[in-house]
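Colleague: I am new to this structure and would like to learn how to read it. Could you take me through some of its features, one at a time?

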Amino acid sequence: MKDKVYVIDTSGFIAQVEFRDGTTVTVPAVVDEIMDSTSRLRFDLLKDAGLRVELPDGACREKVRSTAITTGDASVLSVTDVDILAKALEMKSGYGVILVTDDYAIQNVAANLGIEYMTAATSGIRKKVVWELKCTGCGNVVESGKAMKSGKAVVSGKAMVSGNVVESAIECPICGSGVRRRRVKG
């Protein structure tokens, strides 16, 4: 039986999930997101108990980005999200990895990568989803990796989503209008 490893996203510290067995790991970008004193205390306690803070492998980051483009989640994953997924993917081959996150896009990409996940405080996703970005102006379906943000292609920039509307500077590369994220499968 493989050793159990919990790869913890920010929500695992905020929700104060208990990890009684196994190893705990996170990435430096998650540590930077921990702002409130209760979550910081939880991080410090886990660190004292052996929590490891490690950067993910570059090849795993690329695999995560590629999968996120395929699922249509690339436009809503932050660099931190990509790192936490990449660390879980990297450790998956040698350990029984469980990714701890409440982020639905992270869960969707994890499911597509065959990474087991658990939620900290939400019910989580029920099934895998494929999204597309559709221009609100010309109706063009924009490839996830080809959407524009301030004139540059977005592969893993963070976009805020309210309902299905992407609320950021992401725009159609053809006409410059905003894009809407919508479910196409799942």
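Colleague: Let me start with Glu90. Where is the place of Glu90?

Modeller: Bear in mind that this is a predicted model. Glu90 sits in helix H5, which covers residues 79-92.

Colleague: Does Glu90 count as buried, partly exposed or exposed, and what does Glu90 touch?

Modeller: Glu90 is partly exposed, because its relative accessibility is 30% and the partly exposed class runs between 20% and 50%. Leaving aside residues up to four places away in sequence, Glu90 touches Leu55, Pro56, Asp57 and Cys60. Take Pro56: 34 residues separate it from Glu90 along the chain, yet their C-alpha atoms are 7.0 Å apart. The side chain of Glu90 also makes a polar contact of 3.2 Å with that of Lys87.

Colleague: That links distant parts of the chain. How much of the contact count in the protein comes from residues 24 or more positions apart?

Modeller: Among contacts with a separation of 6 or more, 61% are between residues 24 or more positions apart. For the wider picture, the protein has six helices and 13 strands. It has 186 residues, of which 44% count as buried. Its accessible surface is about 9200 Å², and carbon and sulfur atoms make up 50% of that.

Colleague: Now a helix, please. How should I read the span of H3?

Modeller: Compare the expected span with the distance between the end C-alpha atoms. H3 has twelve residues, 37-48, and at 1.5 Å a residue it should span 16 Å; its end C-alpha atoms are 16 Å apart, so the two agree.

Colleague: Which residues of H3 are buried, and where do they lie around the helix?

Modeller: The buried ones are Ser39, Arg42, Phe43 and Leu46. Viewed down the axis of H3, the buried residues fall within an arc of 100°, so they line one face of the helix. That buried set packs against strand E1 (4-8), helix H1 (10-14), helix H2 (28-33) and strand E3 (52-53). On the face turned away from the buried side are the exposed residues Ser37, Leu41 and Asp48.

Colleague: And what is found at the ends of H3?

Modeller: At the N-terminal end, Asp36 acts as a cap, with a side-chain oxygen 3.3 Å from the backbone nitrogen of Thr38. Just after H3 comes Gly50, with a positive phi of about 115°.

Colleague: How should I read a positive phi?

Modeller: The general idea is that most residues other than glycine have a negative phi. Gln16 is a residue other than glycine with a positive phi, near 55°. Gln16 lies in the loop between H1 and strand E2 (23-26), and its relative accessible area of 36% makes it partly exposed.

Colleague: My last topic is disulfides. How many are found in the whole structure?

Modeller: In general, a disulfide is a covalent bond between the sulfur atoms of two cysteines. A search of the whole structure finds zero. Cys135 is in no disulfide, and its nearest cysteine sulfur, that of Cys175, is 3.4 Å away. The cut-off is 2.5 Å, so a pair must be within that distance to count. Cys172 is in no disulfide either; the nearest cysteine sulfur, that of Cys135, is 3.8 Å away.

Colleague: Are Cys135 and Cys172 buried or exposed?

Modeller: Cys135 is buried, with a relative accessible area of 5%. Cys172 counts as buried too, at 2% relative accessibility.

Technical notes:
Residues are numbered from 1 along each chain as its sequence is written. This is a predicted model: local features need pLDDT of at least 70, side-chain atom pairs count only at pLDDT 80 or more; totals for chains, interfaces and linings use all residues. Side-chain values use heavy atoms; hydrogens and water are left out. Buried means under 20% relative accessible area, exposed over 50%, partly exposed in between (1.4 Å probe, protein chains only). Helices (H or I, at least four residues) and strands (E, at least two) are DSSP runs, numbered from the N terminus. The expected span of a helix is 1.5 Å times one less than its number of residues. The arc is that of the directions from the helix axis to the C-beta atoms. Contact means heavy atoms within 4.5 Å. A polar contact is a pair of N or O atoms within 3.5 Å; within protein, one must be able to donate a hydrogen and the other to accept it, and residues adjacent in sequence count only if both atoms are side-chain atoms. Accessible areas come from the Shrake-Rupley method with a 1.4 Å probe; for residues, only the protein chains shown count as cover.
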